[in-house]
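Hi everyone, thanks for making the time. Have a look at the structure on the screen, and then I'll walk you through one sheet and two pockets.

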Amino acid sequence: MALADAVRRFESVIGAAWPKQFAALQPGLDDAQLQALRDAVSPYLLLAQVEELYRWRGGGRASVFGGWYLKPVDRLIEDYRLNTTEYDYPPVWLPVFGGEKLVNIVTLDLPGEAPSGEEVWAGDTHDVWIWRLFESIEALLDVVCDAAEAGVLIEEWDSLVTREGEPLDGHTWTEYRL
């Protein structure tokens, strides 16, 4: 399944079950906004899946991604600059999603080098390590839909989490991630 298929499924499953939260997502980026994001991470390159995701929706504080939210492009650019200048994060780490105490990244590609991969990585801001949670953004969207269709996703404090109150990086999501 391609990201476009995962996005359609996400709209159908999450958008139908939680229309208020889903409607809080901003419209997708136009060419100028996407170019501003490309410029902010230059000389590194955005992954195609990141561009496609941001063309679909421009982010927002709605935590419809299993307790995570898609960062609005201005916030994404600001966080990227802060992380790479103040916190010594590697400049190939792009923090696309956000959440409480969450370090979350996809990697940027290097010009002239083989693609880095589409994985989504996460960790806690109080830990010194991160782990690969998803093979791609597509897989992340599918996991959230699988949990919703299984009836384990609930709204808690304007966030879609498991019945145990855990966001997407929590242990109760493991069976859906596998």
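Let's start with one pair: Trp 121 stands opposite Arg 132 in strand 6. Before I go on, some housekeeping: this is a predicted model, where local features need pLDDT of at least 70 and side-chain atom pairs count only at pLDDT 80 or more, while totals for chains, interfaces and linings use all residues. Residues are numbered from 1 along each chain as its sequence is written, and side-chain values use heavy atoms, with hydrogens and water left out.

When I say helix (H or I, at least four residues) or strand (E, at least two), I mean a DSSP run, numbered from the N terminus. Two strands pair if DSSP finds at least two bridges between them.

So which strands make up the open sheet, and in what order? There are four, in the order 2-4-5-6, and the pairing is antiparallel. Strand 2 and strand 6 are the edge strands, each pairing on one side only.

Let's go across it. Strand 2 (residues 93–94) runs antiparallel to strand 4, with two bridges joining them; Trp 93 has Thr 107 as its bridge partner there. Next, strand 4 (residues 102–107) and strand 5 (residues 120–124) are antiparallel too, over four bridges. Here Val 103 is partnered with Gly 123, and Ile 105 with Trp 121. Last come three bridges from strand 5 to strand 6 (residues 131–134), again antiparallel. Val 120 has Phe 134 as its bridge partner in strand 6, and a hairpin of six residues links strand 5 to strand 6.

Now, why is strand 4 largely enclosed by the rest of the structure? Because six of its six residues are buried, and buried means under 20% relative accessible area with a 1.4 Å probe, protein chains only (exposed is over 50%, partly exposed in between). Leu 102, Asn 104 and Val 106 sit on one side, with Val 103, Ile 105 and Thr 107 on the other, so to speak two covered faces.

On to the pockets. The program works on a 1 Å grid over the protein atoms alone: a cavity is a set of points where a 1.4 Å probe fits but cannot get out, and a pocket is an open set with protein on both sides within 12 Å along at least five of seven lines; lining residues have an atom within 4 Å of a point. Grid points are joined across faces, edges and corners, and a volume is the space filled by probe spheres set on the points.

The largest pocket has a volume of about 440 Å³. It is lined by 20 residues, and those nearest its centre are Gly 67, Gly 99, Glu 100, Ser 159 and Pro 167. Strand 5 and strand 8 (159–162) each supply at least two lining residues.

The second largest pocket comes to about 240 Å³. Among its 16 lining residues, Lys 71, Asn 83, Tyr 89, Leu 102 and Thr 125 are closest to the centre. Helix 5 (73–85), strand 3 (97–98) and strand 4 each give two or more residues to that lining. Which element gives the most? Strand 4, with four residues.
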